[in-house]
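User: Hey, I've just opened this one and I'm new to it. Can you walk me through a few spots?

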Amino acid sequence: MTNVVTMPARLFLSSGDLMADRRFEFARDLQLKGDLPAAADLLHQAIELAPSFVSAWFTLGDIREELGETDPAIAAFRKAYAADPDDRHGASLRLMRLGAAPLAAMTQGYVQALFDQYAPRFESALVDDLGYRGPELLFRAVLSVRAAARKPAFFRRAIDLGCGTGLAATAFAREVDHFVGIDLSPRMIERARTTGFYAELAVADMVEGLRSRPDASADLILAADAMVYVADLSPVLSEANRVLAAGGLLAFTTETHAGEGVILGEGLRYAHAASHVRAAVEAAGLKLSLLEDRSARNEDNMPVPGLVAVAAQT
């Protein structure tokens, strides 16, 4: 399956001008039919009516990029970002991919808008369309590390970072007494609440959520398919080290690549090299117990290169 099939419908932010919005709707129809020049012309008409029409600027950038017109695409994405500093469309990510901006963190506005849209069909898209297996990989990895240490895989207090609809908690439910779920998307939190697996739920990004927890207050921290939305792992790992009790575990998946450091992949998710993950874990004061090449999901019917990591608080 491709991203086009599995991702939520394109975000639309009204210009506040009915005529401009109608021009945009016609342009989107033409874009979907493949008539890109005509779509671009209509978008220019919409922008003339509403110069700060963020959805029109973003879609124009999308079309210019598809036509191979890099400079006009960059100009349009810059206009989209300027019109919406929360960057709910993700124009800054498109600029990064085009080499027009340095690698940086995703805006909270983009991540929240993405997953609020995604929430109604998140599980079907991720599990059915993409063959998502992140929670299962984490479960096996944690069991393996615990077995090697001759300790039971039972945890009194666990935190599920980027908990989504609760898939990771479902996998670990029998092994955890008290689950805390943290996610930036209110709609994801609403869905997670219906599982009944969480004793506490909070709307926050991963670092903010961890900062709200006391020292040594968790025995297990999970991040299934969440680090792909984090450029710099250091703040999350450092807070995890503080929040974990002695001997506690942090288990996470991430996408990876054959080079060095961090890149932004075609799917607009970050990929972390194995050497980078090792260095970040060690710098945070954690001990890496396991790091394996494991793919948590498919893209275009092919496994996406990935890593499963388990680190211990020592």
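**Helix α14 and beyond**

Analyst: Sure. Take the face of helix α14 that is turned away from its buried side: Glu-282 and Ala-283 sit there, and they are exposed. Keep in mind that this is a predicted model.

User: OK, which residues of α14 are buried, then?

Analyst: In α14, which covers residues 274–283, Val-277, Ala-280 and Val-281 are buried. Looking down the helix axis, the buried residues fall within an arc of 100°, so they line one face of the helix.

User: Why would residues three or four places apart point the same way?

Analyst: Because an α-helix has 3.6 residues a turn.

User: And what covers the buried residues of α14?

Analyst: The cover includes helix α13 (234–243) along with the strands β5 (244–255), β7, β8 (286–293) and β11 (306–313).

User: What does Gly-285 do just after α14?

Analyst: Gly-285 takes a positive phi there, about 90°.

User: Switching topic. Where does Arg-269 lie?

Analyst: Arg-269 is in the loop between β6 (262–264) and β7 (270–272).

User: Is Arg-269 buried or exposed?

Analyst: Buried, as the relative accessible area of Arg-269 is 5%, and the cut-off for buried is under 20%.

User: What does Arg-269 touch?

Analyst: Leaving out residues up to four places away in sequence, Arg-269 touches Met-106, Val-228, Tyr-229, Glu-255, Ile-263, Leu-264, Arg-297 and Glu-299. With Glu-255 there is a polar contact between the side chains, at 2.8 Å.

User: Tyr-229 is on that list. Which residue forms an aromatic pair with Tyr-229?

Analyst: A search of the whole structure finds seven aromatic pairs. In one of them Phe-115 meets Tyr-229 edge-to-face, with 5.1 Å centre to centre and 85° between the planes. Phe-115 belongs to helix α7 (residues 108–118) and Tyr-229 to the loop between β4 (218–223) and α13, so the pair ties together parts that are 114 residues apart in sequence.

User: Are those two rings' residues, Phe-115 and Tyr-229, buried or exposed?

Analyst: Phe-115 is buried at a relative accessible area of 10%, and Tyr-229 is buried at 17%.

User: Which residues do ring pairs link into a cluster?

Analyst: Phe-12, Phe-24 and Phe-53.

User: Now charges. How many salt bridges does a search of the whole structure find?

Analyst: The search finds 14. One joins Arg-64 and Glu-69, whose closest N and O atoms are 3.1 Å apart. Arg-64 is buried, with a relative accessible area of 17%, while Glu-69 is partly exposed at 30%.

User: What about Glu-136, which residue is its salt-bridge partner?

Analyst: Arg-140, with the closest N and O atoms 2.6 Å apart. Glu-136 and Arg-140 are four residues apart in helix α9 (residues 134–148), which means about one helical turn separates them. Glu-136 counts as partly exposed at 40% relative accessibility, and Arg-140 as exposed at 54%.

User: You mentioned α13 earlier. How far apart are the closest N and O atoms of Arg-242 and Glu-239?

Analyst: They are 2.9 Å apart, in a salt bridge. Arg-242 and Glu-239 lie three residues apart in α13, so they are separated by about one helical turn. Arg-242 counts as partly exposed at 26% relative accessibility, whereas Glu-239 is buried at 15%.

User: Which residues do salt bridges that share partners join into one network?

Analyst: Asp-225, Glu-255, Arg-269, Arg-297 and Glu-299. That brings us back to Arg-269, which touches Glu-255, Arg-297 and Glu-299, among others.

Conventions:
Residues are numbered from 1 along each chain as its sequence is written. This is a predicted model: local features need pLDDT of at least 70, side-chain atom pairs count only at pLDDT 80 or more; totals for chains, interfaces and linings use all residues. Side-chain values use heavy atoms; hydrogens and water are left out. Helices (H or I, at least four residues) and strands (E, at least two) are DSSP runs, numbered from the N terminus. Buried means under 20% relative accessible area, exposed over 50%, partly exposed in between (1.4 Å probe, protein chains only). A polar contact is a pair of N or O atoms within 3.5 Å; within protein, one must be able to donate a hydrogen and the other to accept it, and residues adjacent in sequence count only if both atoms are side-chain atoms. Contact means heavy atoms within 4.5 Å. The arc is that of the directions from the helix axis to the C-beta atoms. Rings of Phe, Tyr and Trp (its six-membered ring) pair if their centres lie within 6.5 Å; planes under 30 degrees apart count as stacked, over 60 as edge-to-face and the rest as tilted. A salt bridge is a side-chain nitrogen of Lys or Arg within 4 Å of a carboxyl oxygen of Asp or Glu.
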